[in-house]
Amino acid sequence: MTKEQILSKIKENGLVAVVRAENAKEAKKITEACIAGGCASVEITFTVPGAHHIIEELAHDYRPEEILIGAGTVLDAQTARVAILSGAQYIVSSSFDKETAKLCNLYKIPYMPGCMTLKEISEALQYGVDIVKIFPGNVLKVDFVKAVKGPMPQVEMMPSGGVDVDNVQTWIKAGCVAVGAGGSLIAGAKTGDYQAITDLAKRFSENIKAARQN
């Protein structure tokens with residue numbers, strides 16, 4: 001898939017599942033549950049030991065048409081390169097990093113860094129960022145999105161942190177193109193209840209669709 005196709009799929013579906021797993025087996029089960037629930041993207045965080053091996057395995061097992069495999073909590077360009085060479089189709093960071101942005105541009109891979117201020121967002125856009133991650137969402141809240149959209153209506157945003165199935169419509173209606181959902185979506189993995197993940201993913205998708213229609 002091209003960079004444009006990856007971005008289009010993320011925005012069209014609107015849900016990125018943030019995956020923190022104990023091992024590749026658990027990550028694969030979460031991914032299967034997300035696919036069954038209609039989620040188009042999973043983000044394997046680099047807080048997971050051996051994250052690049054998990055990304056490599058998932059990228060081998062699934063076609064982009066089934067689900068996009070991304071890397072999250074990427075703090076530097078070196079880690080981004082490892083993730084990309086392992087098969088990651090997009091990179092997500094908790095903060096903006098110039099060298100990571102440049103590397104992702106070199107490989108034509110979407111980069112979604114976390115930003116908390118207009119200055120950070122402006123700098124990210126100058127370095128070719130297409131979607132800005134609003135992080136932490138539970139601290140900045142939806143009013144931040146509305147405030148940014150005033151002077152910078154061109155910014156495409158994706159909140160992460162504090163997003164759940166009950167407030168997702170509020171984020172979408174405020175102008176966000178997608179949301180990142182972690183603990184609120186994949187909590188069932190801790191008890192082996194992967195059906196709960198599928199059910200929640202379906203509800204997320206339904207609520208995102210409803211918000212866009214209203």
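S41 touches I10, L15, V16, A17, I67, L68 and Y90, where residues up to four places away in sequence are not counted and contact means heavy atoms within 4.5 Å. This serine has its place in strand 2, strands (E, at least two residues) and helices (H or I, at least four residues) being DSSP runs numbered from the N terminus. With a relative accessibility of 1%, S41 counts as buried; the term buried stands for under 20% relative accessible area, exposed for over 50% and partly exposed for what lies in between, using a 1.4 Å probe and protein chains only. The model is a predicted one, in which local features need pLDDT of at least 70 and side-chain atom pairs count only at pLDDT 80 or more, while totals for chains, interfaces and linings use all residues. Residues are numbered from 1 along each chain as its sequence is written, and side-chain values use heavy atoms, with hydrogens and water left out.

Strand 2 (residues 41-45) also leads to its neighbour, since strand 2 and strand 3 pair in the parallel sense over five bridges; pairing requires that DSSP finds at least two bridges between two strands. E43 has G70 of strand 3 as its bridge partner. Between the two strands the chain passes through helix 3 (residues 51-61), giving a right-handed β-α-β crossover, that is, one whose path from the first strand over the helix to the second runs clockwise when the strands point away from the viewer. How enclosed is strand 3 by the rest of the structure? Five of the five residues of strand 3 (residues 68-72) are buried, so this strand is largely enclosed. L68, G70 and G72 point one way from it, and I69 and A71 the other way.

The aromatic side chains offer a second point of interest. A search of the whole structure finds two aromatic pairs, where the rings of Phe, Tyr and Trp (its six-membered ring) pair if their centres lie within 6.5 Å, and planes under 30 degrees apart count as stacked, over 60 as edge-to-face and the rest as tilted. F96 and Y111 form a tilted pair, 6.3 Å centre to centre with 35° between the planes. F96 lies in the loop between strand 4 (91-92) and helix 5 (98-107) and Y111 in strand 5 (residues 111-112), so the pair ties together parts that are 15 residues apart in sequence. The rings of F96 and Y127 have their centres 5.8 Å apart and their planes at 55°, so this pair is tilted too. Y127 lies in the loop between helix 6 (118-126) and strand 7 (131-134), so its pair with F96 ties together parts 31 residues apart in sequence. Ring pairs thus link F96, Y111 and Y127 into a cluster. F96 is buried, with a relative accessible area of 17%, whereas Y127 is partly exposed at 27%.

Helix 10 (residues 194-213) has 20 residues and should span 28 Å at 1.5 Å a residue, which agrees with the 29 Å between its end C-alpha atoms; the expected span is 1.5 Å times one less than the number of residues. Its buried residues include Y194, I197, F204 and I208. The buried residues of helix 10 pack against several elements, among them helix 1 (3-13), strand 1 (15-19) and helix 2 (24-36).

K3 is found in helix 1 and counts as buried, at 14% relative accessibility. Leaving aside neighbours within four places in sequence, K3 is in contact with N105, K108, I109, P110, G128 and D130.
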